[in-house]
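Biologist: Could you take me through one part of this model up close? I'd like to start with a helix and the strands around it.

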Amino acid sequence: MGAVQARKMDSEDKKEFPEEESEASSLLYSPAVVQRVHIEGLKKTKADFVTKQVKKIFEATTFGEALAYTYEARENLQNLEIFKDIDIFIDTSSGPKAHPDGLDITFTIEEKKLLTSNIGTQVGNNEGTMVFGLKMNNLMGRGENVNADVGFGTRTKTNYQLGFTKPFHGKSVKSFRVVAHKTATEFPMSSFKEASQGVDCQYNFSSLIGKHSIGWEGTWREITGLSKKTSFTVREQAGHSLKSSLLHTLVSDSRDSIAFPTEGSLLRISQEVAGLGGDVRFIKHNVELQESLEVAQDVVMSWSLQAGILNTLPNEQSKINDRFFLGGPLSVRGFQMKGLGPRSEGDSLGGDAYWAAGLHLYTPLPFRPGEGSFGDHIKTHGFINAGNLTQLNCTLPWRERLDPLRSGVRWSYGFGLVFILGVARVEVNYCLPKGVHSDDGVNHGLQVNTYEVLYPFLLG
């Protein structure tokens, strides 16, 4: 049995092909014993490293289990990002010692080159970046990767990263990563620039509820690049700071697409505790929820909610480069990037607590022009967004601290078009902001937004 093809049958199929359904079911539940697993094509990779990925296949007692464990092993091998291609061949066992229900499974593997490179563009959140990268794959034969990246962007002017990743015990669901980085970023809405450099250490693993990342970050930051227009409030925070913090992130993502999901949900929870050394001390929490549902044929409704809070020690004030910012295509449309919330002399100051919510409806173009071709990649879009952002007064009781989040809520609504370009999404919306405060940065009318784009144009 060199290849197996199957599809889910509906009720009409079951009536029309009862024998085929019965045969398929009997095949999946038929007894099976995996006698041999062959791995072909290994050069740099150590055999014992790959063997740990496929040993579960020998636990199969039916053909269906053998098939499921085989494809699970293939997915784990692919997640190591050291193989270019993996083919599977399943056949009955042969030879004098072959079991009557025996199976032989062969993995044909093509390894990536030791050194690969890529040049590409990344566009997202109204920022464009050119990225140049080099990567050493499977350096010591057990999944170790070393990568060096250089980026130049419209706001993140320069970004240098050197990282090392090591899977644990050959299991792709667990890995350790250390990254050294140096970045120079402009914040035009707040009239300053930030230069930072540091080291991040991360331990990544999966659980029943999602993917976890636990790590430590040590970063030296400098607020610089002040101009004549920079407010005194921002000037007060200029200079150096050293942050040492523990971080945890949980991501559970069942969406069928990142750029334009039609079903599934996303949950992202993150915590940061700063103050293990350095001169920055706070506890920061952030949560993000998204869910999409196809309510009718080609009609998708989605909703989102995000919120966060930053707590400092008594008699301490949060720093502008640690605060939350709100406004723009990823939070409240109809407002400028970071244009919502406390300001001083035109500079956006950010806040210590925020929330933002959105409701969206996507439908096909009227009269379905270009159906079956370009028209399927263009959707109409209607939305309602709302949110608020404030700085906390630590001298007040908790209930009174959060009162500003409930009053003076900013919101907006509008309509437009969404262009789906593979892993990218471009929105052209007409926005009508409401609940605007006098010092908010407003973007009334047309607003163009781009999300989640990565276009590599050279890959070796």
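Biologist: Which strands does helix 3 (residues 47–54) lie across?

Modeller: Before I get to that, a word on what you're looking at: this is a predicted model, where local features need pLDDT of at least 70, side-chain atom pairs count only at pLDDT 80 or more, and totals for chains, interfaces and linings use all residues. Residues are numbered from 1 along each chain as its sequence is written, and side-chain values use heavy atoms, with hydrogens and water left out.

Now, your helix. Helix 3 lies across strand 1, strand 2 and strand 3, and runs at about 145 degrees to strand 1. Helices (DSSP runs of H or I, at least four residues) and strands (runs of E, at least two) are numbered from the N terminus. Contact means heavy atoms within 4.5 Å. The angles, from 0 to 180 degrees, are taken between N-to-C directions of lines fitted to C-alpha atoms, for helices over the stretch in contact.

Helix 3 has company there: helix 4 (residues 63–79) also lies across strand 1, strand 2 and strand 3, this time running at about 165 degrees to strand 2.

So what are the helices lying on? The three strands make up an open sheet in the order 1-3-2, with mixed pairing. Strand 1 (33–40) and strand 2 (83–92) are the edge strands, each pairing on one side only. On average, neighbouring strands here are turned by 15 degrees against each other, direction ignored. Two strands pair, by the way, if DSSP finds at least two bridges between them.

Let's go in further, to strand 2. Strand 2 and strand 3 (residues 102–111) run antiparallel and are joined by 9 bridges. If you want a spot to click on, find Ile90: across from it in strand 3 stands Ile105.

There's another antiparallel pair to look at further along. Strand 6 (residues 145–153) and strand 7 (residues 156–168) pair over 7 bridges, and they form a hairpin with 2 residues between them. Here, Val146 has Phe164 of strand 7 as its bridge partner.

Now zoom out to see where all this sits. The protein chain has 6 helices and 22 strands, and its C-alpha atoms fill a box of roughly 85 × 55 × 45 Å along the principal axes. Of its 460 residues, 39% are buried, meaning under 20% relative accessible area with a 1.4 Å probe, protein chains only. Take the contacts between residues at least 6 apart in sequence, and 58% of them join residues at least 24 apart.

Terms used:
Buried means under 20% relative accessible area, exposed over 50%, partly exposed in between (1.4 Å probe, protein chains only).
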